[in-house]
Structure formats: C-alpha cells, structure tokens
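Visitor: I should like to learn how to read the features of a model of this kind. Please take me through them one at a time.

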Amino acid sequence: MEQRRIEGQRRRGCLVGCMVAMLLLGLASAQVHYSISEEVKEGTAVGNIAKDLGLEKRTLKTRKYRIVSGDADPLFHVNQNDGVLYVSRKIDREEVCGQSTPCLRNLKTVLENPLEVHNIGVEVMDINDHFPSFPDKEKTLEISESVLQGVRIPLQPARDPDSGPFSVQQYKLSFSEHFRLEVKDKGEDGKIPILIVSKSLDREAAQSHSLVLTALDGGKPPKSGDMKILINVMDINDNAPVFSQEEYSVMINENSPAGTRIIQVNATDLDDGPNGEVVYSFSSIVNRKLLKLFEINQLTGEITVIGPIDYEEKDKYEIEIQASDKGLASLSTQKSVKIKIIDMNDNAPEIEVTSFASSVPEDSRVGTTVALISVHDLDSGLNGNVICNIETSANAIPFDLTPSVQDKMFSLVTKSPLDREAQSHYVITVVAKDAGRPSLSSEKIVSVAVSDVNDNRPEFSHSPYNFYVSEGNDPGAQLFSVKASDKDENDNERISYHIVRDAAEDKLTSFLNINSENGNIIALKSFDFETLKTFQFHVVATDSGTPSLSSNVTVNVFILDQNDNPPVILYPVSSNGSAEGVEEIPRNVNAGHLVTKVRAYDADIGYNGWLLFSLQEVTDHSLFGLDRYTGQIRTLRSFTETDDAENKLVILVKDNGNVSLSATATVIVKLVEPKEAFAASDVKSAAKDDEDNNVTLYLMITLGSVSVLFLISIIVLIAMQCSKSTDYTSKYLQETNYDGTLCHSIQYRSGDKRYMLVGPRMSIGSTIVPGSHANTLVLPDRRGVSMEVSL
C-alpha cells in the first residue's frame with residue numbers, strides 16, 4: 001500500500017514537472033524548468049526537452065544532443081531518440097543540496113552542427129524521507145530509589161536530516177506511572193526532552209523501568225524514531241545534592257577581565273563516601289554562548305569570567321548550575337544563578353541633529369527654534385544621563401540650547417536678535433557630557449547661516465553732495481555721480497536712483513536726468529553762469545527689497561564761471577559795429593591833461609571780468625598816454641606847432657581770462673585853437689553832462705547788479721573755502737602778487753575829483769602807474785563833483 005502511494009506521488013510529480021516546463025517554455029525560450037520529487041526511481045521521465053524547446057527529434061541523434069556535466073555520476077541523462085530527460089540514478093535531496101532551499105540543479109544541453117546550448121533547470125522537491133533518530137538507540141539511567149518527585153533529567157534530543165516542518169516537532173514517552181515527559185523549546189537549539197520523576201521509586205517493587213521515547217516529525221503522516229530508556233533503581237544513593245541557597249543572585253561590572261570571580265555556589269549531599277561527594281557543572285541545557293563567557297570549577301563551584309561582558313549587549317544572564325554526587329547512580333540538582341551586569345561608563349554620548357533649517361532669517365524673534373538635537377548614550381543610569389550645552393564664551397553666540405518636552409531632545413534657539421550685517425554665519429559646537437565618573441563627552445559642529453531681510457536703508461557716500469560744474473558744459477555729457485550702498489544682500493542691496501521732481505523744482509530738475517542703475521547724472525542743456533549761479537535738487541535711492549526701503553540726499557550744484565563774455569565798450573558809444581569817438585582839445589593844454597576816458601565792462605566775474613587797457617595803435621607815442629587800469633587818455637607833453645592837428649588812437653580792451661577776450665575802441669583827438677575849443681566846449685559840455693548822467697545811471701544799475709551777484713559769489717566761495725581744502729581754493733583764486741582777497745578799494749583825490757579804485761588787492765611791492773587813477777568810472781558826488789568807481 002505504501003509502495004502504491006509513493007508511486008502515485010512520483011507520477012503526479014512527473015505530470016507537474018511537465019506542466020511547469022510547458023508554461024516556462026512560453027515565457028523564456030532559453031530556459032526550461034522542471035520539478036521532480038526526490039527518491040524517484042532510476043529512469044523516471046522528467047520532461048520532454050525536445051518538445052518543450054521545439055527541436056526536431058530526427059536530428060537529435062545526428063547532432064549529438066547531450067547533457068554537458070562535470071559530475072562523475074550525473075543525476076540526469078537525455079535520450080537522443082525522443083529528447084526526453086530521464087533520471088539516471090536515485091536522487092537524495094539531502095545529499096545533493098543539504099539544507100539549501102530550493103534545491104535547484106541547472107543542466108546545460110548541447111547540440112552540434114550548428115552548435116546550440118540550452119539551459120534546463122530541474123528543482124528537486126523535498127519529501128519526508130528521513131526518520132528522526134537519537135544518538136543512542138538505548139539509554140541507561142541509574143536513579144536512586146529515594147529520588148524526590150520532580151527531579152528533572154535532561155535527555156539527548158533526536159535529529160532529523162529533513163528541515164522545516166519535516167524536522168522533529170514533538171516527543172512522546174511511553175506510559176509510566178513513575179515518570180512523565182516535559183519538552184522545553186530552546187529556539188534555534190530545538191526542542192529538548194526532559195524526563196521528570198513523577199512518583200517515588202521503590203527498588204523492592206521494581207528494580208528497573210523500561211521506557212520508550214519517541215520523536216515525531218511534521219510529515220503527514222509523521223515519521224518517528226525511538227530510543228529505549230532503561231532506568232535502574234539504585235538502592236544506595238538516595239539523597240541528591242542540596243544547594244545552600246534557595247536563589248543565587250550576583251552583580252558584576254561589565255568589562256570585567258577574564259578570571260574575575262563572580263560567585264561560588266555550594267551544595268551538600270547527606271550520603272557518605274562517593275555518594276556524598278559533589279561536583280559542579282553547567283546544565284546541559286545552557287546556551288552554548290554562555291559557555292564562552294563563564295566557567296565553573298567542578299570541585300569548588302566557583303564561577304569565573306572567561307569572555308567579554310558587555311552591558312549594552314545584554315544586561316543580565318541566568319545560568320543553570322548542576323550539582324551532582326559521585327554515587328554509582330549519580331544524583332543531581334539544578335539551580336539558577338542570576339547574574340546582573342552593572343553598567344560602566346564606557347560609551348560616550350552620541351549627538352544627532354534630527355531637524356535642521358538651512359538658514360534662519362535675521363529678523364527672527366528671540367526663542368526661534370533653529371534645530372532639534374537629540375542625544376543618546378548606550379549606558380544607563382547616571383552614565384546615560386546626558387547634559388547638552390554650547391561651548392562658547394559668554395554672550396559670544398546669540399544661540400542657546402533648551403531642553404525639549406521629549407527626553408534627551410534639545411532645541412537650538414535664538415537667545416538674542418540676529419544681525420546678518422554684523423555676522424552672517426555661525427559655527428556652533430554642541431557638547432554632550434554624561435554624568436558618569438569619569439565623565440565622557442562628545443562634540444557636534446552645527447553651522448547656522450543667517451539669511452538677509454531688508455532692514456537697512458541705502459546710505460549715500462556723502463550728505464549733502466556739493467558739485468562744481470563749469471558753465472558751457474556739453475548737453476548730454478555726464479556731470480557727476482551720486483553713490484549709495486546698502487548693507488543688505490541680493491535684491492535687498494540692489495539700488496535704483498531717481499530725481500525728486502515736484503512743482504517747485506520742475507524748472508531746475510527738468511533738464512537733469514539720472515541713470516537709475518549707477519547714479520550718473522547728465523544735463524540736457526548747457527549751463528550759463530550769468531543766468532544761473534547755483535541750484536539744488538534731491539536724489540532718492542531705493543533698494544529692491546520687499547517692501548523696499550529708500551533714502552534721499554540733497555545735491556548742491558555750483559556753476560563755475562568761464563571766460564565766455566568779451567568786454568563791452570560803453571564809451572565811445574558803438575555805432576555800426578565799431579566804437580569810435582572824436583575829442584577836441586586846445587593846443588595850449590599842459591602835460592597830464594585828461595583827454596577822455598574809455599569806459600568798458602565785462603559780464604564775467606573775477607579775473608575773467610578784470611579789464612586792462614592798452615594802446616594798440618597811436619599816431620604819435622610821445623603825445624598821449626593811456627592808463628592800463630582806468631582807460632584814461634592824458635597828454636604826455638605840451639603841443640607844438642609841428643604836431644598834427646588830428647591824432648588817431650586805437651585802444652585794446654581785454655580781460656584776464658585764461659583765454660583772453662578783447663574789444664577795441666577808436667578815439668580821434670583833434671587839436672583846436674583855444675577860442676574854438678571854448679566855444680565847442682560849452683556846447684559839448686551840456687550834451688556831455690546829459691550823456692554822463694545817462695551813462696552814470698546805466699553804470700550804477702549795472703554795477704549794483706554785478707555787485708549783488710559778486711557778493712553772493714563771495715559768500716559761496718567763503719563757504720567753499722571753509723569746507724574745502726586750501727588747495728581747491730587756490731586752484732580758482734590765487735595768482736601771482738595776489739594775497740587771497742578778491743576785492744579791495746582805494747580812495748584818493750586829484751584836483752577837484754575824488755577817485756575810488758576797486759580791484760584785486762596788490763601785494764606789498766605792487767605799484768600804481770603815476771598819473772593813473774586805476775580802473776575807475778566817473779560818478780557825480782554830493783558836492784557836484786564826479787567820483788570814479790572801479791569795475
């Protein structure tokens with residue numbers, strides 16, 4: 001019956017193998033997979049390779065279809081006539097694969113002409129073909145008749161080569177009123193059978209007991225193995241050793257060196273002789289790992305350390321100690337020794353940044369959490385109690401560590417306001433220190449970047465700006481530049497400029513333009529000093545932050561005069577584009593007689609408006625002289641009868657600019673007899689008085705206007721001298737024989753006239769040409785006498 005069942009399983013295995021092979025053939029042409037149960041008969045067909053691979057049967061033999069194998073005794077062979085794979089010999093899965101799962105054999109098949117290689121996979125399926133077996137078929141135990149109930153006798157477990165559910169799953173003990181069986185599951189070590197005395201033995205009633213211990217695997221039906229146990233009841237040794245304590249418990253330090261004494265157990269036996277001599281050992285059920293850590297002295301019962309003790313690996317051990325006597329029927333007693341490991345501070349704290357922000361805004365409120373830091377110490381108690389802080393000098397870093405709600409968690413928070421412009425990056429050293437003795441510590445570096453917010457306004461390099469621009473500038477050319485900087489970064493520091501334009505300043509700012517990116521300012525028109533001396537406007541610098549911030553600055557512009565106005569001849573009066581006048585004087589005048597005076601003015605100021613007179617052309621150099629400062633023409637000597645009656649004088653008037661400008665006037669001097677001169681002088685004096693009065697009015701208006709502008713310029717220049725260096729002032733004002741004062745006046749009398757000289761102050765050593773009255777204008781004084789004021 002059993003044989004038929006096995007044969008049926010084999011057939012089903014073949015059928016399943018063929019079906020699996022056909023399915024796999026459709027999935028991958030280069031790989032055919034079969035499965036077959038172990039222990040099938042030799043010659044059992046595994047599968048039709050030729051059919052599954054689509055090979056022609058008639059060509060298999062000619063192409064020498066075969067299995068390439070390096071095994072001396074191959075498990076499979078292929079029939080070249082029909083292409084069927086057969087079992088060459090009986091297959092033992094445990095022999096072929098051991099405990100490996102699954103048990104897969106890869107076969108390589110070859111055809112020649114042309115060469116083809118095909119891989120065939122055959123999986124050997126496990127069957128429950130092994131029986132559990134004990135190391136010994138028979139086991140003899142000698143037990144004293146006075147053995148106490150409950151005595152536990154560990155027995156050797158059975159072994160089964162099969163694995164998984166086919167291994168040993170349970171034990172059974174034949175019926176006995178004196179003994180019972182207990183099975184203890186040791187996990188990886190399997191199940192351990194323990195024989196327990198359930199009833200006192202009586203040698204007189206029965207000298208021995210025969211028991212059968214059966215081991216069963218998980219097969220269906222299960223397979224089993226038996227071991228006979230013969231128990232001889234000894235009449236002599238009827239007392240088992242007894243330990244001195246009900247419970248043994250001890251504590252040792254971790255990392256205790258080898259040879260450290262842990263505890264000494266003690267057991268006594270009431271028997272005499274060898275039956276009362278006790279030896280100590282570890283119980284057979286003790287885990288093998290413990291045998292590498294501890295040992296026991298057989299004679300003294302002293303337990304010592306032989307291996308490394310690590311609290312972090314395991315903090316306590318429980319060891320089964322066995323005390324046995326030396327009787328012929330040895331008795332033993334088991335006792336547990338509990339060993340508690342005392343933690344030593346041998347692990348430094350570990351710091352981990354569990355949550356961290358890449359940057360923190362500089363406007364973060366005090367108490368803002370920057371990072372969460374967790375600490376861990378493998379030690380326990382005080383050794384694992386960790387204190388975490390920041391290593392820094394007082395108030396050097398605006399961060400602090402505060403304990404979190406969760407144990408061993410800390411928050412890195414801001415303790416004072418941040419300022420990126422003062423410091424944009426912090427390197428924080430977090431120190432974790434346990435409370436052990438000696439204490440252990442570790443460090444962790446945390447880098448915190450402070451991100452920018454728009455909290456700084458643009459700042460101009462000067463406030464206010466004072467610029468000096470020469471008149472006559474080219475329209476569209478750059479005049480000057482303002483510059484502002486922002487302590488923020490990125491968009492917050494990107495600055496744009498614009499000019500404030502309002503109704504009051506439209507006339508001044510309408511001809512100005514500013515580059516919004518670099519602050520360069522250009523004028524759309526040319527400046528004229530005579531029209532505009534100075535003006536003021538405002539520039540606003542705005543950053544690109546959100547919201548943006550701005551600041552403004554006042555710009556003062558001073559127009560510098562250029563020599564762009566030529567002298568204008570006031571007398572003689574110009575006509576048809578030329579200034580020409582006729583003067584008649586008696587022949588009998590003496591030397592020094594005032595013939596006439598050339599009057600002129602210049603719209604420029606300073607040296608550009610300071611005029612000098614010179615004779616460019618004269619008929620007779622010995623007759624007339626010209627004062628270079630006042631423009632007065634006087635006779636140098638008395639006239640003679642031989643002198644020409646008409647003399648022509650061409651006077652050149654030029655200013656003192658770097659590029660001097662000039663004008664000319666022509667004076668015709670006619671010599672007449674005294675009577676004619678008196679007659680003409682009456683008529684002329686009346687006309688001349690009217691002319692002089694009109695000219696004087698015009699000159700006073702002109703002089704008043706120039707004086708006001710001149711006074712304003714003086715005030716501005718004095719302010720400039722106070723704020724600028726001496727070098728800058730000297731660039732525009734100082735010349736040879738000039739002591740730094742722009743204007744000076746000298747008053748003096750000559751005959752019935754009073755003169756005032758207005759002009760640059762001369763240094764000591766300068767002289768005035770004798771007979772000249774400087775650069776003067778003749779004005780009527782309160783007594784009806786003319787007074788001259790210099791231009």
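Visitor: Which handedness does the link of Cys97 and Cys103 have?

Guide: In general, a disulfide is a covalent bond between the sulfur atoms of two cysteines. For detection, a disulfide is taken as a pair of cysteine sulfur atoms within 2.5 Å. Here the link of Cys97 and Cys103 is right-handed, with 65 degrees about the S-S bond. The sulfur atoms of Cys97 and Cys103 lie 1.8 Å apart, and the structure holds 1 disulfide.

Before we continue, note that this is a predicted model, in which local features need pLDDT of at least 70 and side-chain atom pairs count only at pLDDT 80 or more, whereas totals for chains, interfaces and linings use all residues. Residues are numbered from 1 along each chain as its sequence is written, and side-chain values use heavy atoms, with hydrogens and water left out.

Visitor: Are Cys97 and Cys103 buried or exposed?

Guide: The classes rest on relative accessible area: buried means under 20%, exposed over 50%, and partly exposed in between (1.4 Å probe, protein chains only). Cys97 counts as buried at 15% relative accessibility, and Cys103 is buried with a relative accessible area of 1%. Another cysteine, Cys388, counts as buried at 8%.

Visitor: What do the totals for the protein chain come to, beginning with its helices and strands?

Guide: Helices (H or I, at least four residues) and strands (E, at least two) are DSSP runs, numbered from the N terminus. The protein chain has 6 helices and 54 strands. Of its 791 residues, 41% count as buried. Its accessible surface is about 43,100 Å², and carbon and sulfur atoms account for 51% of that; such areas come from the Shrake-Rupley method with a 1.4 Å probe, and for residues only the protein chains shown count as cover. Contact means heavy atoms within 4.5 Å. Among contacts between residues at least 6 apart in sequence, 65% join residues at least 24 apart.

Visitor: Which residues touch the most other members of the largest nonpolar core?

Guide: A nonpolar core is a set of buried Ala, Val, Leu, Ile, Met, Phe, Trp, Tyr and Cys residues joined through side-chain atoms within 4.5 Å. The largest one has 27 residues, and Ile262, Phe294, Ile321 and Ile339 touch the most other members. Elements giving two or more residues to this core include β16 (248-253), β17 (261-264) and β23 (332-342). The largest share, 4 residues, comes from β22.

Setting aside neighbours within four places in sequence, Ile339 is in contact with residues including Val250, Ile262, Phe294 and Tyr317. Apart from this core lies another, of 26 residues, with Phe480, Tyr497, Leu512 and Ile521 among them.

Visitor: How is the order of strands read in the open sheet of 3 strands?

Guide: Two strands pair if DSSP finds at least two bridges between them. The order here is β2-β5-β4, with antiparallel pairing. β2 (45-48) and β4 (76-78) stand at the edges, each with a single partner strand, so one side of each has no neighbour in the sheet. β2 is joined to β5 (residues 84-87) by 3 bridges, and Gly47 stands opposite Leu85 in β5.

Visitor: Why is strand β29 described as largely enclosed by the rest of the structure?

Guide: In a regular strand the side chains alternate between the two faces of the sheet. Strand β29 (residues 409-414) is largely enclosed because 6 of its 6 residues are buried. Both faces are covered: Met409, Ser411 and Val413 are buried on one side, and Phe410, Leu412 and Thr414 on the other.

β29 pairs in the antiparallel sense with β26 (residues 369-376) over 5 bridges, and Ser374 stands opposite Met409. β28 (residues 399-403) also runs antiparallel to β29, over 5 bridges, with Phe399 as the bridge partner of Thr414.

Visitor: Which strands are joined to β40 by bridges?

Guide: β33 (residues 465-470) runs parallel to β40, with 6 bridges, and Asn466 stands opposite Asn556. β39 (residues 534-543) pairs with β40 in the antiparallel sense over 9 bridges, and a hairpin joins β39 to β40 through 6 residues. In strand β40 (residues 550-560), 8 of the 11 residues are buried, so this strand too is largely enclosed by the rest of the structure.
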